[in-house]
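Colleague: Could you take me slowly through one part of this model, saying which residues and elements build it, and then add a helix pair for comparison of how the contacts are described?

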Amino acid sequence: IETPSLDTMAKEGMRFNRFYSAHPSCSPTRASVMTGRHPNRMGCFWPGMALRNQEMTVAQAVKRAGYATAHFGKWHLNGVSGPGKPIAATDPCGPGKFGFDEWFSVSNYFETDWTFSHNGTNVKVSGDGSDAIVAQALKFIADSAGQKKPFLALVWFGSPHVPHKPMPDDLKKGGGIGYYGELVGVDRAMGTLRSGLRKLGIADNTLLWFCSDNGAWHNAQNPTEHGSNGGLHGMKGQVWEGGIRVPGLIEWPARITKPVVTEVPATTSDIYPTIVDILKVKVPNQIEPLDGISLVPLLDGKMKERPKPMGFWS
């Protein structure tokens, strides 16, 4: 399949050849993005398990620097399994309880023609869910930019995920395979996001970070059904490279001024400490230890190897 938007990010920004999800499944990895800590430390051991309310999240941290915060798409940190359901404003583990001013979210994966929760109010959207969450994210970003207010937007796609039901045109472009059709939609949505940042005139100084939460599933009876891990051993749910080694891209023209490909290993747990370091935020009630590290030296071309190892557990 063709993925021109992600290809352009890879060619113009920083491409990680060894980027890892903290866990070979979704909820735990998302918890690591939120906290900079391994999910084993917070009891988010497996998909559908909730994030502890006492954790410090990246949204709560950046609010100390005056940032507007929002979440869009798949949440899966409120202890609800099954297809994505709208998240009530009163949900004790919803985005609003973890530092997000706004959210347009569902509990888990979503497909086309889905119902999302916008700050607790249900909103039915038509078409591809990936397009829908990016459209909503750009409204938030445009509003923040208009107010000259810095922002943090977490855009968490629900695709690719079973039952793999992309838009008909995307299915065709995916060779009739739903998994690849959904990736076509993700790439288009990323293109919309990138062009939207440029239309607003804020792309240069916006850090755009793209990664996955785990590797592809594998069905021996139908090897093309759930995608490919490119020859890496293992799959989703397993702590082999096929389960945890994922795409990693950063685009930030003001700071990453020329294309770079790095072999330095990095992980989703690094996102939180990197952002906190960039903003020089002091978090007085930070829960320790952080398992991730700041990648600021890597962004500035000063890190040649990882200063401490990454740990994996399942």
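Modeller: In this predicted model, the second largest pocket has a volume of about 210 Å³ (the space filled by probe spheres set on the joined points; a pocket is an open set of points on a 1 Å grid where a 1.4 Å probe fits, with protein on both sides within 12 Å along at least five of seven lines, and lining residues have an atom within 4 Å of a point). Its lining has 17 residues, and those closest to the centre are Met14, Val260, Leu298, Leu299 and Gly301. Strand E9 (260-262) and helix H9 (296-299) are the elements that give two or more residues to this lining, and the largest share, three residues, comes from E9 (helices are DSSP runs of at least four residues, strands of at least two). By character, the lining divides into nine nonpolar, three polar and five charged residues, with Gly counted as polar.

Turning to the helix pair, H4 (residues 129-146) and H6 (residues 178-199) pack at an angle of about 15° with their axes 9 Å apart, and are therefore roughly parallel (under 35 degrees). The contact (heavy atoms within 4.5 Å) involves Ser130, Asp131, Val134, Leu138 and Ile141 of H4, which meet residues of H6 including Gly185, Val186, Arg188, Ala189 and Leu193. The residues of this contact divide into seven nonpolar, four polar and two charged.

Residues are numbered from 1 along each chain. Local features need pLDDT of at least 70 and side-chain atom pairs 80 or more, while totals for chains, interfaces and linings use all residues, and side-chain values use heavy atoms, without hydrogens and water.

Technical notes
Axes are lines fitted to C-alpha atoms, for helices over the stretch in contact, and angles run from 0 to 180 degrees between N-to-C directions. Angles under 35 degrees count as roughly parallel, over 145 as roughly antiparallel, 65 to 115 as roughly perpendicular and the rest as oblique.
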